[in-house]
Amino acid sequence: AHAGDQMHIISLVQEPVSVHWLPDGESNAGEGVPSGNVDAAREGSANPVYSINTFPGHAFRFHAGSVRSAAVVFNDGPHNLVVVAKASSGSLDIERLDAQGLKELVLSLLKQCAGRSDYMQCAVEKARTDRLKVRIPQLFLEKYFDAHSPYKQSPKVVASPRSGGS
């Protein structure tokens, strides 16, 4: 883990959502420690997006009014993406992409947008979560491309300092 690990949150819930850290992990049945709030989603405007600086193993629960989600665990870095929505039953519906899911998303977008000079704009237009079909904001996509694009990870030859003498 490093200081750059973040859980990204997109809220579709039309009321404020509070985020609670579960210090005892996902088995914690209590309320957890309040960690902040996510604004309510509003019709016709961009969905609220937030980040939580965290570490692998940290667990969180989302609350909207009297409803709370199951525990969501940040399992690996550098990023996880969580979409919080209200299910038709009134419960909170969570869709999560861990680092492996985000890597697969990046590789898929690279294939779909290959050869385009505006590949990031292409990626922004095509990037959606699998189940809830939520558009992923460019701010987050750029971080996922930096972390997972094979082009950013490719080996590079670096000049070595020349040793003096013979």
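Buried, as used here, means under 20% relative accessible area, exposed means over 50%, and partly exposed is whatever falls in between. With that in hand, here are some exercises on this predicted model.

**Exercise 1. Get an overview of the protein chain: its elements, its box and its surface.**

Start with the elements: the protein chain has four helices and nine strands. Reading from the N terminus, the order is β-β-β-β-β-β-β-β-β-α-α-α-α. Next, the extent: along the principal axes, the C-alpha atoms fill a box of roughly 75 × 40 × 20 Å. Now the surface: the protein chain exposes about 9,400 Å², and carbon and sulfur atoms supply 50% of that. As for burial, 39% of the 166 residues count as buried. Last, look at contacts between residues at least 6 apart in sequence: 58% of these join residues at least 24 apart.

**Exercise 2. Find the aromatic pairs in the whole structure and classify each one.**

A pair of aromatic rings is described by the distance of the centres and the angle of the planes. The search turns up two pairs.

Step 1: take Y119 and F145. Their ring centres are 5.8 Å apart and their planes sit at 55°. Planes under 30 degrees apart would be stacked and over 60 edge-to-face, so what's left is tilted. That makes Y119 and F145 a tilted pair.

Step 2: place the two residues. Y119 belongs to helix α2 (residues 119-126) and F145 to helix α3 (residues 138-148), so to speak two distant parts of the chain, 26 residues apart, linked by the pair.

Step 3: check burial. F145 has 2% relative accessibility, so it counts as buried. Y119, at 35%, is partly exposed.

Step 4: do the other pair, F140 and Y144. The ring centres are 6.4 Å apart with the planes at 40°, so this pair is tilted too. F140 and Y144 are four residues apart in helix α3, which means about one helical turn separates them. F140 is buried, with a relative accessible area of 1%, and Y144 is buried at 0%.

**Exercise 3. Work out the strand order of the open sheet and name its edge strands.**

Strands of a sheet pair through backbone hydrogen bonds, either parallel or antiparallel. Here, four strands line up as β4-β1-β8-β9, and the pairing is mixed. The edges are β4 (49-53) and β9 (92-97), each of which pairs on one side only. On average, neighbouring strands of this sheet are turned by 20° against each other, direction ignored.

Now zoom in on one pairing. Strand β1 (residues 6-11) and β4 run antiparallel, joined by five bridges. For instance, Q6 has N53 in β4 as its bridge partner.

**Exercise 4. Describe how α1 sits against the sheet strands and against α3.**

Begin with the strands: helix α1 (residues 99-112) lies across β8 (79-86) and β9, and runs at about 95° to β8.

Then the helix pair. Two packed helices are described by the angle between their axes and the distance between the axes. For α1 and α3, the axes come within 9 Å and cross at roughly 95°. Angles of 65 to 115 degrees count as roughly perpendicular, so α1 is roughly perpendicular to α3.

Which residues meet there? From α1 they are A99, L102, K103, L105, V106, L109 and L110; from α3 they are L141, Y144, F145 and H148.

To finish, bring in α2. Its buried residues are M120, C122, A123 and V124, and the buried residues of α2 pack against α1 and α3.

**Exercise 5. Compare two loop residues, L12 and T129: is each one buried or partly exposed?**

L12 is in the loop between β1 and β2 (17-22). With a relative accessible area of 28%, L12 is partly exposed. Setting aside neighbours within four places in sequence, L12 contacts A41, N47, V83, V84, A85 and V134. D39 lies 27 residues from L12 in sequence and 9.7 Å away in space, C-alpha to C-alpha.

T129 is in the loop between α2 and α3. Its relative accessible area is 2%, so T129 is buried. Setting aside neighbours within four places in sequence, T129 contacts L81, V83, E95, L97, V134 and I136.

Technical notes:
Residues numbered from 1 in each chain as written. Predicted model: local features only at pLDDT ≥ 70, side-chain atom pairs only at ≥ 80, totals over all residues. Heavy atoms only, no water. Phe/Tyr/Trp six-rings, centres within 6.5 Å; stacked < 30°, edge-to-face > 60°. Buried < 20%, exposed > 50% of the residue type's maximum accessible area, 1.4 Å probe, protein only. Pairing = 2+ DSSP bridges. Axes fitted to C-alpha atoms, helices over the stretch in contact; angles between N-to-C directions. Contact = heavy atoms within 4.5 Å. Areas by Shrake-Rupley, 256 points an atom, 1.4 Å probe, with all protein chains shown as cover. Parallel < 35°, antiparallel > 145°, perpendicular 65-115°, else oblique.
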